[in-house]
Amino acid sequence: MNVDIQSLGTFNQLAHEGAQQATQSLAQMTGIDAVVDVTKITLLDRADVGDDLTGAEFVGVQFGFEGALEGETVLVFDRDSADTIADSLMPGASDDPAMAQSSVEEIGNIMMSGFIDGWADYLDSTIDHSPPEYIERSGADVLPDAPEPDEHQQVFVFKSEIEWVGESVNFYIYMLPEYDPLAEMMMEHGDTDGDAIPIDKLQTFNEMTTSGTQQAAGNVEMMTGIPTTAEVTEISFAPIEDVPKQIGTDTYVGTVVEFTGTPSGYLMVLFDEVSAVNVAEAMMPVEVEGDGVTDQHKAAIEELGNIMTSGFVDGWANVLQTSVDHTPPRLVHDMGRSIVDPLAAQVGQHQEHAFIINSTMRTDDIEFNAEIHALPNEKELREALEDLDVERADETDADVEQIFE
């Protein structure tokens with residue numbers, strides 16, 4: 001089953017506009033000035049949906065929908081945001097649990113009805129939705145269960161992040177459609193004879209990247225002695241101007257390389273500053289003098305980033321049966337968006353949208369988190385996927401392990 005790039009872009013824009021309509025409804029009801037910061041389509045394993053919500057308490061409003069599309073959608077607020085929004089609608093509402101819940105339900109119903117109706121209008125079809133269900137849970141449990149199609153281990157998720165202007169408050173709209181109706185709808189609204197992406201091969205490539213992440217985590221453990229776990233691998237699709245927003249404004253230490261071949265692009269290995277210090281010191285035989293991220297820390301991160309990068313790039317070349325080389329790693333220490341922005345600008349010279357391949361790894365022993373982000377050339381990735389033999393999945397899995405030995 002093939003889906004063309006234009007169709008992915010159209011559906012991403014549709015989700016973005018739906019989120020904008022929902023946000024405008026919020027502004028009209030509460031006076032809160034909010035904007036849709038980023039909208040993206042992500043392909044990931046069902047078990048990883050909502051992993052970015054881990055560790056926080058949320059409330060929200062959930063709907064089921066059916067018709068031209070089927071699935072679930074949910075509006076998610078962190079606890080403090082929900083209280084503030086409830087008070088803006090009805091002063092003092094946050095002090096009364098029943099009033100707070102009623103306020104969230106009312107806002108959620110109006111916001112999400114507009115969101116779903118926008119999809120129906122564009123598709124010129126009927127999409128019915130269930131009455132709103134108030135939910136109050138921790139982390140990813142606030143989200144509905146992802147669809148479980150018989151033939152697919154991965155699902156498409158639409159996510160819009162909404163920013164409250166002038167405040168460090170974000171809330172989210174998640175849409176989890178059934179896989180097959182969405183893919184068929186994308187095919188109907190696109191040109192599958194043109195710049196089409198084979199979805200089954202995109203899933204296979206995602207699985208191979210997961211294997212590479214697991215082996216990279218093993219490599220980190222071998223070098224540092226820290227037990228490290230690969231957690232999430234996903235492929236996202238978004239307008240090129242939204243790519244830097246996905247990394248955020250936190251400060252990172254890491255490496256950037258440009259890779260050439262099929263596909264070409266950029267790869268980043270990024271550690272937050274605390275993680276960079278911890279993992280670097282685990283690699284060093286002597287105690288480091290000085291506070292913060294020192295030159296010694298940076299040298300260790302550069303070495304580790306080089307090894308992780310080589311493994312990933314070699315793994316892709318093996319999976320895709322192409323030749324992929326990369327430049328020596330360039331050390332970076334800056335705000336995430338500042339690191340990504342010039343790379344996105346380079347890729348954006350040739351395309352309007354981008355696939356972003358993201359992997360994370362963590363450890364429970366110390367405070368440690370590593371992110372790997374790849375930004376491939378869209379056309380070249382499409383060409384490589386066209387030549388990828390899905391039946392080689394078991395073979396490539398074994399070969400990916402070999403390149404990390």
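**Figure 1. Val-324 in strand β13.** Val-324 belongs to strand β13, which spans residues 324-326. The model shown here and in the other views is a predicted one. Val-324 has a relative accessibility of 6%, so it counts as buried, the limit for that word being under 20% relative accessible area. A partner to look for in this view is Thr-260. Val-324 and Thr-260 are 64 residues apart in sequence, yet their C-alpha atoms are 5.5 Å apart in space.

**Figure 2. Leu-270 in strand β12.** Strand β12 runs over residues 265-272 and contains Leu-270. Is Leu-270 buried or exposed? Its relative accessibility is 0%, and therefore Leu-270 counts as buried. The C-alpha atom of Leu-270 is separated by 5.7 Å from that of Val-253. Along the chain, Leu-270 and Val-253 are 17 residues apart.

**Figure 3. The largest nonpolar core.** This core has 92 residues. Which two of them touch the most other members? They are Trp-119 and Phe-271. Helix α8, residues 295-320, gives the largest share of the core, with 10 residues. The core lies between domain 1 (2-189) and domain 2 (196-403), because both domains give residues to it. In soluble globular proteins, nonpolar side chains tend to be buried together.

**Figure 4. Ile-5 in helix α1.** Helix α1 covers residues 5-30, and Ile-5 is part of it. The relative accessible area of Ile-5 is 5%, so this residue is buried. His-353 is 348 residues away from Ile-5 along the chain. In space, the C-alpha atoms of Ile-5 and His-353 are separated by 8.2 Å.

**Figure 5. The largest cavity.** Rolling a probe the size of a water molecule over the atoms shows where empty space is left. In this model the count comes to 3 cavities of 30 Å³ or more. The largest cavity holds about 90 Å³ of space. Its lining is made of 14 residues, and those nearest the centre are Leu-8, Phe-156, Leu-202, Phe-237 and Phe-355. How many residues of the lining are charged? There are no charged residues in the lining of the largest cavity, which has 12 nonpolar and 2 polar ones. At least two lining residues come from each of β2 (34-45), α5 (199-224) and β10 (229-239). Domain 1 (2-189) and domain 2 (196-403) each supply at least three residues of this lining.

**Figure 6. The largest pocket.** The volume of the largest pocket is about 1400 Å³. A total of 46 residues line this pocket, and Asp-52, Lys-159, Glu-161, Gln-246 and Ile-247 lie nearest its centre. Two or more lining residues come from each of several elements, including β7 (154-164), β8 (170-177), α6 (243-247), β15 (353-362) and β16 (369-376). By class, the lining of the largest pocket has 18 charged, 15 polar and 13 nonpolar residues. Each of domain 1 (2-189) and domain 2 (196-403) gives at least three residues to the lining of the largest pocket.

**Figure 7. Asp-52 in a loop.** Where is Asp-52 placed? Asp-52 sits in the loop between β2 and β3 (57-67). With 48% relative accessibility, Asp-52 counts as partly exposed. Asp-52 is one of the residues that lie nearest the centre of the largest pocket. Val-232 is 180 residues from Asp-52 along the chain, and the C-alpha atoms of the two are separated by 9.6 Å.

**Figure 8. The second largest pocket.** The second largest pocket has a volume of about 170 Å³. Among its 14 lining residues, Asp-45, Asp-48, Thr-210, Glu-231 and Thr-233 are the closest to its centre. β2, α5 and β10 are the elements that give two or more residues to this lining. The largest share, 5 residues, comes from α5. The lining of the second largest pocket divides into 7 polar, 4 charged and 3 nonpolar residues. Domain 1 (2-189) and domain 2 (196-403) each contribute at least three residues to the lining of the second largest pocket.

**Figure 9. Residues 99-133.** The unreviewed UniProt entry lists "domain: CheC-like protein" for residues 99-133 and 297-332. Over residues 99-133, the chain is 71% helix and 11% strand. The end C-alpha atoms of residues 99-133 are 15 Å apart.

Definitions and conventions: Residues numbered from 1 in each chain as written. Predicted model: local features only at pLDDT ≥ 70, side-chain atom pairs only at ≥ 80, totals over all residues. Heavy atoms only, no water. Helix = DSSP H or I, 4+ residues; strand = E, 2+ residues; numbered from the N terminus. Buried < 20%, exposed > 50% of the residue type's maximum accessible area, 1.4 Å probe, protein only. UniProt positions renumbered as here; feature names shortened; annotations may be inferred. 1 Å grid on protein atoms, 1.4 Å probe; cavity = no way out; pocket = protein on both sides within 12 Å on 5 of 7 lines; lining within 4 Å. Points joined across faces, edges and corners; volume = space filled by probe spheres on them. Nonpolar A, V, L, I, M, F, W, Y, C, P; charged D, E, K, R; others polar. Domains from an automatic or database assignment. Core = buried A, V, L, I, M, F, W, Y, C linked by side-chain atoms within 4.5 Å.
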